[in-house]
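Got a model open and wondering how to read its helix packing and its holes? Let's go through a few features together.

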Amino acid sequence: MDTAGDTEADVVVVGSGFGGSVAAHQLAEGGLSVVVLERGRPYPPGSFPRTPAGMARNFWDPSEGLYGMFDIWSFRGLEGVVSSGLGGGSLIYANVLLRKDEKWFVHESPLPGGGYENWPIGRGDLEPHYERVERMLGGTPYPYRDTPKTAAMEEAADRLGLDVSRPPLAVTFAARPGGEPVPGAPIPEPAYGNLHGLPRETCRLTGECDLGCNLGAKNTLDHTYLSAARHHGADIRTGCEVRGFAALPGGGYEVRYVVHDPAREGHRTATGRLPLRRIRCRRLVLAAGAFGSTFLLLRNRAGLPGLSTALGTRFSGNGDLLGLVLDARAGAAGTAPRRLASSTGPVITSAIRVGDALDGDGSTGRGYYVEDAGYPAFVAWLAEAAQVSGGVRRTAGFGLDRLRSRFGLGSGPRSDISGRLARLLGPGAFSDAALPLLGMGRDVPDGRMGLRRGYLDVDWTTLTSRRYFERVRATMADVAGALGGSFHDNPLWWARRVITVHPLGGAPMGRHPGEGVCDAHGEVFGHPGLYVLDGAVLPGPVGANPSLTIAAFADRACRRILEEHAARPASATAGTAPAGVVAAGAPGGTTSGGTALADHGPAAATGQRATSLSFTEEMKGYVSLGVTDPEEGRELGRAQGRRMMFRLTITADDVDRFVADPRHRAGAVGHVECDVLGGRLPVEAGWFNLFTRDGDPTRRRMLYRLHLRDPGGTPLTLVGRKEVHDDPGLDVWSDTSTLYVRVLAGHVPEGGDAEATVLGAGVLVILAADFARQLTTFETSGPDPARAFEGFGRLFLGELWGVYGARFAPGGESP
Ligand SMILES: Cc1cc2nc3c(=O)[nH]c(=O)nc-3n(C[C@H](O)[C@H](O)[C@H](O)COP(=O)(O)OP(=O)(O)OC[C@H]3O[C@@H](n4cnc5c(N)ncnc54)[C@H](O)[C@@H]3O)c2cc1C
Ligand code: SF4
């Protein structure tokens, strides 16, 4: 059962990656009660899978019974890799902590297709926070001098006259700060303890950083910030996936989440039906990553009136490009294979920096980094196995040799076959002379994130960044050449696609709501206490590896939160639920229409079975949030491509009663599909009135009232009306096929519209083809279908005649 502590906090932090962990620690240390909700699970040292079976299950998709670490996305122009687990991206990242170059904080840098990239903060704003994060994460340049791939990168950069460095890595190499590096030495526990309660060891150079470090040598966020946050009282909950949130009237937020059960691994789960839990907070920090936080904002947009139209903009993959050096050669003539041994050492150990026109030092184009990207030893085995021709030749040779020996042919009965086995395995030269390279830099942040049928969609391609990517490829080819090898694109590039491990943007900061979703401290414009403190808030590429900048930004934002809190201490208890918000399990709002549906009509009174009639209607159109006038909503929605459709089955349970009732009320079930409302929203309760009168004999109305709930659990009402009125000209078709709709906050009962908050408006129409289909959907059930059709038809045509018939009467206006 929930206690007050379970359901209320000063701050709820969604996600435990770089932004979320820093925020949790800073705010808990500052004395606020903090709850962290992380969807993934904890990974203590030793728990990262390595077997093929374990790796095959190591993906995140609870609906498919997968509760693992890798969360892979595929969009039009790119693939994206992010992590799910306690510590977010730090679990699988390559530990590089680089600061964003001072001159790369651009101002009003134009983007192709309109708009611009603008950073409302500069390097100076982040500098003290960079230092604090580096200290906490133990940033140390790679200390070993004899690692082949690192030496090769340094040598290649020297030959090419490029700037190369060993960036700080968040890895423990020595048993004490400043000491000699020693592989496999115990790491002393910090004063704040470790939330896993397990020993850690210094780096053994296994190259497995991107799969999770089983030694605990990586100073990941669970070992550092999250352990410290817990030490300061933060309540860290794993397996908790946030679905939605809503502002409370007295200030603060209600957060809705579901709890996953990893014991269901391997079993499909209807995750949409998991019960929603709730927690209230004064401040809400979204730190679910660029994909996660933007997705949450897009899905909950209806409950956040006035949210900037910059939502979804400024997406960038931070210029990520993967390339490959193969067949590196050594010696003056370049004849001998060059040992690069890419599986020795942490994944990244060095970074070549290529300048930017902004640097003002004669460099041209957009700047970037090229880093060595190592891999685990088993990948080298896979690479060798993939060398089919060599492998087949060697295997055949080995088999022949054994046959000869068995039958006493050839060199005699030799029982020591070590040498032959070594020949069977081959020289391993292919993988030994190969080195993946990871490029990243200032690509063009003109991607747009949105919803497509409720799923996250990213519209970004390499097209506008083509010159940038060509330059990165050229440098990679130069590095390959300097190592006597050849450069190879990763196969995705053949289709001009990239894989990004650094998605950024979607809820960018800006100077005002016209420019960004959040201010320069990550607070969402118009929504006090709601923050975005992760990669989503960055308004463009970092250029370098971004996690340090994300963490420093969160550190700076939390400083301001704590200052504000000290100036205006707020109670932990957030406001009461807004009108219309219905608690889970409570009856769905006031349902005056619903009771009418349960009325006992004439048929019930006489004990006879009633005849029902139903038909299915589909309407489509455009809506826009932030407007109250349907016509305006349609125009704006059309311009922005914001579509809405519904498919409703309207049922009059008892046609006699339906005809006799002056409100002609029927029930409506089905769904509304609208990406600005979060995707597909099932109708929880719906009512339809065929023709109602409002005192004007020349007017009838068809009314719709649908109680919906967005994917985050926020209740909404769609109200619609068709105005049937005899205006000049023959307008009977347009009157009966045009629905003016408004979206209201909460589940609003009949009679409550005037007081309700209007979130948006628009116009839906029935297309001729849909109408033709609608005519085929009429069905009846019960003892007297003919009478039901007749009654309904008479009512329909009779009412139309009442409105339009006058014009056909002698002396009426001719059509
Ligand atoms: C293979 C790889 C190597 C990398 N190497 C480096 C590197 O060397 N240096 C560097 O700077 N960067 C690196 N990165 C990138 C770095 O990991 C990300 O930039 C960083 O993690 C982003 O931080 P974040 O706070 O935005 O989000 P994340 O770290 O992605 O954290 C988001 C968290 O939110 C959780 N979450 C998402 N949705 C919900 C929800 N609805 N409810 C609850 N929880 C939710 C996720 O499970 C996750 O834990 C690498 C990434 C990868 C994949
Ligand atoms: S190289 Fe191996 S031991 Fe070192 S940090 Fe990476 S995974 Fe851990």
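**Reading cavities, pockets and helix contacts**

The lining of the second largest cavity is made up of four nonpolar, five polar and two charged residues.

Q: Before we go on, what kind of model is this?
A: It's a predicted model.

Q: How many cavities of 30 Å³ or more does a search of the whole structure find?
A: A cavity is a space where a probe fits but cannot get out. Here, the search turns up four of 30 Å³ or more. The second largest holds about 50 Å³ of space.

Q: Which residues line the second largest cavity?
A: Look along the chain and you'll find Tyr43, Phe48, Ser90 and Leu91 among them. Others in the lining include Gly212, Cys213, Gly216 and Lys218, and also Thr220, Asp222 and His223.

Q: And pockets? What is the volume of the second largest pocket?
A: A pocket, unlike a cavity, is an open set of points. The second largest one here comes to about 1300 Å³. It has 45 lining residues, and those closest to its centre are Arg448, Met449, Gly450, Gln640 and Arg642.

Q: Which strand gives the most to the lining of that second largest pocket?
A: Strand 22 does, with five residues. At least two lining residues each come from strand 22 (448-452), strand 23 (455-459), strand 27 (612-625), strand 28 (643-652) and strand 29 (665-674). By residue type, the lining splits into 16 nonpolar, 13 polar and 16 charged.

Q: Now helix pairs. At roughly what angle do helix 4 and helix 13 cross?
A: For any pair, you look at the crossing angle, and 65 to 115 degrees counts as roughly perpendicular. The axes of helix 4 (residues 123-137) and helix 13 (residues 547-567) cross at roughly 110° and come within 8 Å, so helix 4 is roughly perpendicular to helix 13. On the helix 4 side, the contact residues include Leu126, His129, Tyr130 and Val133. Helix 13 brings, among others, Leu548, Ala551, Phe553 and Arg556. The residues of this contact are seven nonpolar, two polar and six charged.

Q: How far apart are the axes of helix 5 and helix 12?
A: They're 9 Å apart, with helix 5 (residues 148-160) and helix 12 (residues 466-482) packing at about 105°. That is why this pair, too, counts as roughly perpendicular. Met153, Ala156, Arg159 and Leu160 of helix 5 meet Asp478, Val479 and Ala482 of helix 12. In this contact there are five nonpolar residues, no polar ones and two charged.

Q: Last one: which residues does UniProt list for "domain: FAD-dependent oxidoreductase 2 FAD-binding"?
A: The unreviewed UniProt entry gives residues 10-41. In the model, that stretch is 38% helix and 31% strand, with its end C-alpha atoms 24 Å apart.

How values were computed:
Residues numbered from 1 in each chain as written. Chains lettered and ligands numbered in written order. Predicted model: local features only at pLDDT ≥ 70, side-chain atom pairs only at ≥ 80, totals over all residues. Heavy atoms only, no water. UniProt positions renumbered as here; feature names shortened; annotations may be inferred. Helix = DSSP H or I, 4+ residues; strand = E, 2+ residues; numbered from the N terminus. 1 Å grid on protein atoms, 1.4 Å probe; cavity = no way out; pocket = protein on both sides within 12 Å on 5 of 7 lines; lining within 4 Å. Points joined across faces, edges and corners; volume = space filled by probe spheres on them. Nonpolar A, V, L, I, M, F, W, Y, C, P; charged D, E, K, R; others polar. Axes fitted to C-alpha atoms, helices over the stretch in contact; angles between N-to-C directions. Parallel < 35°, antiparallel > 145°, perpendicular 65-115°, else oblique. Contact = heavy atoms within 4.5 Å.
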